[in-house]
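Grab a pencil and take a look at the model below. Try each task before you peek at its solution.

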Amino acid sequence: MEYNIIVAPNLEILATEVAGFIPMGWKLKGGILEHMDGFAQQLVRHPGAVARTQRKPAVSKNKRTKWIE
């Protein structure tokens, strides 16, 4: 299991930084911590999540659409 801690000077920047890690399989662990330099959030990722995010997405078939006239 991997752990990561994001530190930012304010909540807006923290939210932006954390949002970038979510598509890579990271999940939030615990709450937001406030400290002297700003705010922090801990993230956790299981080894299987890495494999799922590195797979190529399935190619979708072209869907037919029926136009209504």
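Here are three short exercises, each with a worked solution.

Before you start, note that this is a predicted model, where local features need pLDDT of at least 70, side-chain atom pairs count only at pLDDT 80 or more, and totals for chains, interfaces and linings use all residues. Residues are numbered from 1 along each chain as its sequence is written, and side-chain values use heavy atoms, with hydrogens and water left out.

**Exercise 1.** Work out which elements the chain has and how they run from the N terminus on.

*Solution.* Start with the DSSP runs: helices are H or I runs of at least four residues, strands are E runs of at least two, and both are numbered from the N terminus. That gives two helices and three strands. Now read along the chain, and you get β-α-β-β-α.

**Exercise 2.** Find the order of the strands in the sheet.

*Solution.* Two strands pair if DSSP finds at least two bridges between them. Take β2 and β3 (residues 38-45): six bridges join them, and they run antiparallel. Within this pair, His35 sits opposite Gly38 in β3. The full sheet is open, with the order β1-β3-β2 and antiparallel pairing. β1 (2-8) and β2 (27-35) each have a single partner strand, so one side of each has no neighbour in the sheet.

**Exercise 3.** Find what share of the chain's residues count as buried.

*Solution.* Buried means under 20% relative accessible area (1.4 Å probe, protein chains only), exposed means over 50%, and partly exposed lies in between. By that rule, 23% of the 69 residues are buried.
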